[in-house]
Amino acid sequence: MTNTPEHIRETLELYDRGELDPSRLLEVQALLRSDPAWQAAWRSFRSETAGIRLNRLKTNLSVLESLEAELKDPEKKTAAGGDPGAVLTSSPESNHIKQASETSQPESMEETIDRNTSEGIRFSRLHQALNGLKAEEKKTADPRPAGGRILVIRRIWLGAIAAGIIGFFLVMQLFNNLNRPKYINQYLITHFDEYILHEKSRSKSEKLTFNKDKEIGYDLFVLQEFTEALPYLQKSWLNSNDTLSFFYLTVSHAALGNNKYFREYKSSPVLQSQLYQILLNKIK
Amino acid sequence: MHRDTTHIIDRIRSGDEDSLREIYREYRQPFIQWIKGEFFCSDDDAIEFFQTAVVILYDNIITGKLTELNSHVKTYLFGIGKNKAHEWLRHRQRQGVHSDELLINYLHEENPEVDEADFAESLRAVDAGMNQLGEPCRSLLSYFYYQKLSMREICERLDYKNEDTAKNQKYKCLKRLQSICADIKGVKV
């Protein structure tokens, strides 16, 4: 096989497109494993094609950005038009409401119509059911022989007792569920205390600088309410660059069995200190 | 609205540009509300995540990674968005989310053996080079190297007389691109 740059390039193009015949494919694979010239050409080819791919993706991205601008445009017009609601949406807290209510105006109109229609259908169905129940009520109010009525009353009592027993077991089940540990990682069940670091390692002055998210996140973490702690710890990490929040976030994912995120976060440069790594490595 | 997912995949593959816009319009609002609730990010960041997710969905279809969907498009799209948001959280890029960076990270995942900074530099150079090339070179190279269309299909799309003409044109475009990229890298050094 000749090794001119043009030839290598042509062969790699065919290789990349899966158009090489099987014998040449094996030959090229061997060259890519052993020959530095082929390896360099392959790296360069990959970068080039990835760049072309990026360019295409960015073209699509710019199409979406234009669309986004189109979608946002009615918002501006509404705000400039003196909509009394615009005053309400000017505060940062109400940005979320503003986004939801204004950007999707045409869709929300459709939704309103759909909802009205569906609510009407629902009402009609309930009305029918109500009429059916009324008819049933009339039947039960009809005079019946005395023996029949006693039988009905007995059945009602038996039904009520059965419902009471079932209800009791359901409440017991619910109570058991509430007392069950809220995490599934076995190591953490017995060693959780080792992972509470803010009371051991941080000075009092640092505690005074707690922000609300951090405080709530830490408290929920200590209470082992991991699902609830996640958003607060995320927010604390993002807003105040608090490494311990990120550590707790990582442990929470481990506790909840989110192993993928646990592994990803664990490998983050932020958690490479010896203490964090020792603790995290203990969690299987 | 119920969406036939196979139909969407076919439309995107055949180059129907409206399909992406439709997906964007349909899932934009639910996605933004959902991702903001999950990650406490701003509206702008949520939009960047969403745009990146839609573009990655497109890429997965074009590169053949996604040939059929077992779940709804919405589930798939939200899954990509969630992964990108976690990635962002892990790197904690406080200056905000940038689709460009998310896309470069995404492409680097397939080439982990290359140094991330070098890879990003090469990609940016080729991207800038492609923009300088202009049409029809840009489309021609994209059809051949990214969408992996055959020369016959390229002839049909770009109105070339025959496959040899298209091949020659492709060769010239590639040489021009390589020369522009060398200039861009040279300027940077």
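The following paragraphs describe a predicted model, from its confidence scores and the contact between chains A and B to some local backbone features.

The model scores ipTM 0.83 and pTM 0.57. For chain B, the mean pLDDT is 84, with 91% of its residues at 70 or more.

The contact draws 38 residues from chain A and 39 residues from chain B. On the chain B side, at least two residues each come from α2 (18-39), α3 (43-62), α4 (73-91), α5 (99-108), α6 (116-133) and α7 (137-146). Of these, α2(B) gives the most, with eight residues. Sorted by class, the side of chain B that touches chain A holds 22 nonpolar, eight polar and nine charged residues.

Helix α3(B) merits a closer look. At 1.5 Å a residue, its 20 residues should span 28 Å, which agrees with the 29 Å between its end C-alpha atoms. Because 16 of the 20 residues of α3(B) are buried, this helix is largely enclosed by the rest of the structure. Just after α3(B) comes Gly64(B), with a positive phi of about 80 degrees.

Further backbone features turn up in loops. In chain B, Glu135(B) and Pro136(B) are joined by a cis peptide bond, with omega about 0 degrees; Pro136(B) belongs to the loop between α6 and α7 of chain B. In chain A, Gln224(A) is not a glycine, yet has a positive phi of about 65 degrees. Gln224(A) sits in the loop between α11 (212-222) and α12 (226-240), and counts as partly exposed because it has 15 C-beta neighbours inside 10 Å. Asn241(A), also not a glycine, has a positive phi of about 55 degrees. The loop between α12 and α13 (243-255) of chain A houses Asn241(A), which has 12 C-beta neighbours inside 10 Å and therefore counts as exposed.

How values were computed. Residues are numbered from 1 along each chain as its sequence is written. Chains are lettered from A and ligands numbered from 1 in the order in which they are written. This is a predicted model: local features need pLDDT of at least 70, side-chain atom pairs count only at pLDDT 80 or more; totals for chains, interfaces and linings use all residues. Two residues are in contact if their C-beta atoms, placed from the backbone, lie within 7 Å. Helices (H or I, at least four residues) and strands (E, at least two) are DSSP runs, numbered from the N terminus. Ala, Val, Leu, Ile, Met, Phe, Trp, Tyr, Cys and Pro count as nonpolar, Asp, Glu, Lys and Arg as charged, and the others, Gly among them, as polar. The expected span of a helix is 1.5 Å times one less than its number of residues. pLDDT is the predictor's confidence in each residue, from 0 to 100.
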